[in-house]
Amino acid sequence: MKNINLTKWRYVSSAISILLMITSLAIIGVKGFNWGLDFTGGVVTEVQLDRKITSSELQPLLNAAYQQEVSVISASEPGRWVLRYGDIKSADTEQSNVDIQQALAPLNSEVQVLNSSVVGPQIGQELAEQGGLALLVAMLCILGYLSYRFEWRLASGALFALVHDVVFVLAFFALTQMEFNLTVLAAVLAILGYSLNDSIIIADRIRELLIAKPKLAIQDINNQAIAATFSRTMVTSGTTLMTVGALWIMGGGPLEGFSIAMFIGILTGTFSSISVGTSLPEFLGLTPEHYKEQVISDTP
Amino acid sequence: MERKPNKRLLNHYSAWKYIVLIVTIIVMLFSALPTFYGEDAAVQVGAKAGLTLTPVALRDKLQAEGVTVKRIDQKNGETLIVLDADNQQTLVKTLVSSMVTEPKELTLSLASAAPSWLQNLGFQPIKLGLDLRGGVQFLLDVDVDPVYQTQGEALVDSLRQFIREQKIRGASVYLDQTNQLNLTLPDNDARAAVRQMMKQSYPNWQLSNTDGAGLQIKLSQEEQTKLRNLTVQQNLQVMRSRIEELGITEALVQRQGDHRIRIELPGVQDPAAAKNVIGATASLAFFEVKESGSVNAMVLNDKSGKPIYVSRTPVLGGDHIVDARASLGEMGMAEVNINLDRVGGQKMSEFSRTNIGKPMATSYSEYSRDEQGKAKQTQEIISVATIQSQLGDRFRITGAGTYQEAQQLALLLRAGSMTAPVTIVEERTIGPTLGAENIENGFAALGLGMGITLLFMALWYRRLGWVANIALISNMVILFGLLALIPGAVLTLPGIAGLVLTVGMAVDTNVLIFERIKDKLKEGRSFALAIDTGFDSAFSTIFDANFTTMITAVVLYSIGNGPIQGFALTLGLGLLTSMFTGIFASRALINLVYGRDASRHVRV
């Protein structure tokens, strides 16, 4: 009875996963990303001003000084502002950096520049390409490893779960229009590794059970594998979520995007490894037969 | 699964394994310790600076200016002033520079705050990235195209001369946008002649026939790469020597990718000053050497400071040099081969004909802006060589010393020809307050994450939880120790995020093992036997799970961007150390305590 319920639950959650994924892809397609400075090039300056100054005072001054629309975002603390604008000229000319002190002089406030970054457009382009390439290479390497370690039907489940997680995290960034920078890309790549972690541990169990109990129906094997690894999955996801949560709370602005991406990635990673990760191999017709011949050579 | 070599002794680790484990942890602990003491800003006064004050007098003088000095070390004539507050570093440098005769000998540096016995053991703190320490970072792009163009133009000159000498009529040659030479020739004989000449004198060029009797000539791929490497290398050299002038011991100048140079200046807050120093231009000239004491002459110093009298106007400017390379001559002597363009060749040939047996000097000058933005010129003689015979557009200089020195000279000589425009394509400034804030936030997150995880593990796996916790703590110790030990390892803010992530994921190894042990206990085995099979059966799963994350860590590292590399480093190292402590260290503990436990109904 319980087993049937679990199977049903698994199917329902798989359907949810697929639905979520389609929605996610649509969101990414429609909204696109708010690419960070690392990828677009331009200038970002973080300044500390008098707390009383508002963005409506800042905006016209900056727009006039830099002769363009400067984006003014308030940072984590009052009086702290993140200013972002396109580079006026190529980065080597002296005039490219209009002095921020001068631009904000009418405000009569002490201007403290906390950090500033100038990234040339070609660097941004290159980093975007490199980032995409890294994602692709990581995927291919993982694919290669999976196909070596597992039967393809089983591997495809893990791989689909992985794509699902990455797409979901990307969709979150597209939906909220949070800045997608290099650190977030690093998080996405880390999610690649992490999401697989869960899937592989379940797949390992499935493989073990397929070999140990070849008479059992595949549904039951999957259910048993999930049940056997469930407490581990919860504990590990739990501790990782807690530490990433700590990073989110304490890590401050620069790590916010990273921690949010990781947090979501771990949540969906856990969910997808149980839902689509196990249902897809079943759907593709995985049976104990597929592990019969390799029994001797493949077990550790 | 059932092959166990030590079936007689279940759950037994031999003594040497414990020794390895304990020694590893102790060494790593010592290596990790200096990091917790941190580093203090310091100003280093070189032995040649001419500081006459005693440390006590120096301290009093600085304190009168409101500087809090932590300590002043004097060793072998060098003085290290260690400061209490990081933001007084520049102030102290200015103050001290008025007390010494050679302000150039002052450098900003960092001194480990760890007790001296720890430093004497050779352990250093972890190097912090710019995002944690504050400073300026530049990425320079070296545009190699003009270098190819110079090469092309020189060849156009030579070809025109060859055509004239061979009296080939109706031939024309021009250089196009892609730095490719297009040669139109009247007939196949002329083409053969040109091919012959090119093969002999310019083997680095690639020729292809076009319709009619024309030729297309371009630099071979190999040669292009070689030229690019030489150009970037030369620019690196130039940048290094300029950055040295800024007096920052921990400055980093390194090549990034094909034609980029990354410069990191920790502690520097004003990018404009650094930019002035980076953006200097260099040039080169050949002079006739006059007798010392001549009236109608100019005096230039050579590297050792010896004055050399040279003619007021140079024979030839460095802009006529097309290429310069070091090689070993017939007698095994180091020499520098120089190629001039046509005009330069003529000038040189005229001059050398009348000056055989006389010395010729080569000078190197650099126009730059100092830290205040004022333009300044420095000029020095880099070599004096005797003219052996009449020189043409290709000649060689011998007597430059060793092969290394010849290479150095060639590098400098190329400065005139290969001045590739260098542009700043990326510039990042991180204020010191933000850097300190980043460290604080990062470690607060690490502390909180670690605390929660330790508490959770202790509560969840009561009996075995403490083992996992000891494993986790030693994991962190080893990880910090390794980061301090590995040369070139830099801790960045994303790197701290990697550490925090490692804390969460490291317990996974123990969780997997403990869950297996639980399973085996449920199957009715004794605790000792469950431990043994639990560890064995969990191993392949642990390996599989960590391996994929390792793949992503390696890929991330290869993207090669500073902060992200820091993340990849801590993530990757964290996986390795967590496997070491999770499997090896925790097994060692469990063996000692529960290894003989034959009771069957244990709750884990």
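Chain A and the nonpolar cores

Visitor: What share of the contacts in chain A between residues at least 6 apart in sequence join residues at least 24 apart?
Guide: The share is 78%, where a contact means two C-beta atoms, placed from the backbone, within 7 Å. This is a predicted model, in which local features need pLDDT of at least 70 and side-chain atom pairs count only at pLDDT 80 or more, while totals for chains, interfaces and linings use all residues. Residues are numbered from 1 along each chain as its sequence is written, with chains lettered from A and ligands numbered from 1 in written order.

Visitor: Why is chain A called more spread out than a compact globule?
Guide: Its radius of gyration is 25 Å, well over the 19 Å from the globule rule for 300 residues, so chain A is more spread out than a compact globule. The radius is taken over C-alpha atoms, and the rule is 2.2 Å times the number of residues to the power 0.38. Along its principal axes the C-alpha trace spans about 80 × 35 × 35 Å.

Visitor: What makes A:Leu189 stand out in the largest nonpolar core?
Guide: A:Leu189 is among the five residues that touch the most other members of this 183-residue core. Such a core is a set of buried Ala, Val, Leu, Ile, Met, Phe, Trp, Tyr and Cys residues joined through C-beta atoms within 7 Å; buried means 20 or more other C-beta atoms within 10 Å of the residue's own. Beyond four places in sequence, the contacts of A:Leu189 include A:Ala134, A:Leu135, B:Thr552 and B:Val555.

Visitor: How much of chain A counts as buried?
Guide: Of its 300 residues, 45% do.

Notes
A residue is buried if 20 or more other C-beta atoms lie within 10 Å of its own, exposed if 12 or fewer, and partly exposed in between; C-beta atoms are placed from the backbone.
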